[in-house]
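Q: How should sheets, strand pairs and surface residues be read from a set of coordinates? Please take the features one at a time.

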Amino acid sequence: YIAFCREKPAEARAIAKKYEDHPVDRWRTVFQDVIAQADEIEGKSARVTDKDDRGQVQTRLAETEPSFEFKVEDRKIAINYQNLESCQVNYYLMDIELLFSRNPFVQEVSGQFAIIHPNRTDTVKLPKKATQLVVDLPGEYRDRNVMVEIVSAGARKTQAYYPHSLGIQIMENYGQVRVTHDKTRKPLAKVYVKVFARMKSGQVQFYKDGYTDLRGRFDYTSLNTNELEGVEKFSILIMSEDAGAVVREAAPPKM
């Protein structure tokens, strides 16, 4: 137990090995469990030393379950998986402004693609003796807004990819956003900003839109009405023709 607490599984195994054939069933099971846990920590398969231990049985069953997770960033797809031989990768091009206008407060838009045929489908082989595979995004999607969907073993998972080079600063207390190039830090003028508001009543409505000025700034709260008083939260689309697009949420300024 102390060896495990000190993150020394090999030391724990060495002690438990001396007693793996202990004549008392209860103690023998404990020592064998220590050995099994030490093995698993070092990358070996989980095994059951006590069939009446629900935790051990569940762990073993979980290890045999086909599963995967993935993330998309820096023009690459990193797939983590177990017990899978291949997967299908679907690509859906996105009109981010249209999707934002339809559902401004839900950045996960995968449900809207459920009945649409993908723009491209690839079958990816997953190496048997590995648990992760990194693949490049196809060249035609590396600089475009795209929904990536992976399907395997009856499971379907998605992630939206928004490539951009925008540096975003939102000053919530003053209701302003400042947009710069993320590498040069140069202010970006003429960047389109579209704002929706969720009101305290629960209603979601268009609030305002416009373009950043020469300083890269845009006031997303000021109107010639008193609607600001009823706003619970803002959702802000920031979209540049050359530098990509992002969606951010912001609280209204404190009165």
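A: The turns below go through two sheets, some of their strand pairs, and a few surface residues in this predicted model.

Q: What is the order of strands in the open sheet that contains S3 and S6?
A: In general, the strands of a sheet pair through backbone hydrogen bonds, in a parallel or an antiparallel sense. Here four strands make up an open sheet with the order S4-S3-S6-S7 and antiparallel pairing.

Q: Why is one side of S4 and of S7 left without a neighbour in the sheet?
A: Strand S4 (120–125) and strand S7 (155–161) are the edges; each has a single partner strand, so one side of each has no neighbour in the sheet. From one strand to the next, the twist averages 20°.

Q: How many bridges join S3 to S6?
A: Strand S3 (residues 86–93) and strand S6 (residues 146–152) run antiparallel and are joined by six bridges. Within this pair, glutamine 88 stands opposite valine 151 in S6.

Q: What is the strand order in the open sheet that contains S10 and S13?
A: This open sheet has four strands, ordered S11-S10-S13-S14, and its pairing is antiparallel. Strand S11 (204–211) and strand S14 (244–250) are the edge strands, each pairing on one side only. Neighbouring strands of this sheet are turned against each other by 15° on average, direction ignored.

Q: Over how many bridges do S10 and S11 pair?
A: Seven bridges link strand S10 (residues 192–199) with S11, in the antiparallel sense. Across this pair, valine 195 stands opposite lysine 208 in S11.

Q: Where is glutamate 73, and is it buried or exposed?
A: Glutamate 73 is placed in strand S1 (residues 67–73). Partly exposed covers the range between 20% and 50% relative accessible area. Glutamate 73 has 41%, so it is partly exposed.

Q: How far apart are glutamate 73 and aspartate 136, in sequence and in space?
A: Sequence separation and spatial distance are read separately. Glutamate 73 and aspartate 136 are 63 residues apart in sequence, while their C-alpha atoms are 9.9 Å apart in space.

Q: Which residues form a nonpolar patch on the surface?
A: A patch of this kind takes residues with over 30% relative accessible area. Val24, Trp27 and Val30 form one, with about 250 Å² of accessible area together.

Q: Where does valine 30 sit, and how does it count by accessibility?
A: Valine 30 belongs to helix H3 (residues 25–41). Its relative accessibility is 39%, so valine 30 counts as partly exposed.

Key
Residues are numbered from 1 along each chain as its sequence is written. This is a predicted model: local features need pLDDT of at least 70, side-chain atom pairs count only at pLDDT 80 or more; totals for chains, interfaces and linings use all residues. Side-chain values use heavy atoms; hydrogens and water are left out. Patches are made of residues with over 30% relative accessible area and no salt bridge: like charges are joined within 9 Å, nonpolar side chains (Val, Leu, Ile, Met, Phe, Trp, Tyr) within 5 Å. Accessible areas come from the Shrake-Rupley method with a 1.4 Å probe; for residues, only the protein chains shown count as cover. A salt bridge is a side-chain nitrogen of Lys or Arg within 4 Å of a carboxyl oxygen of Asp or Glu. Helices (H or I, at least four residues) and strands (E, at least two) are DSSP runs, numbered from the N terminus. Buried means under 20% relative accessible area, exposed over 50%, partly exposed in between (1.4 Å probe, protein chains only). Two strands pair if DSSP finds at least two bridges between them. Axes are lines fitted to C-alpha atoms, for helices over the stretch in contact, and angles run from 0 to 180 degrees between N-to-C directions.
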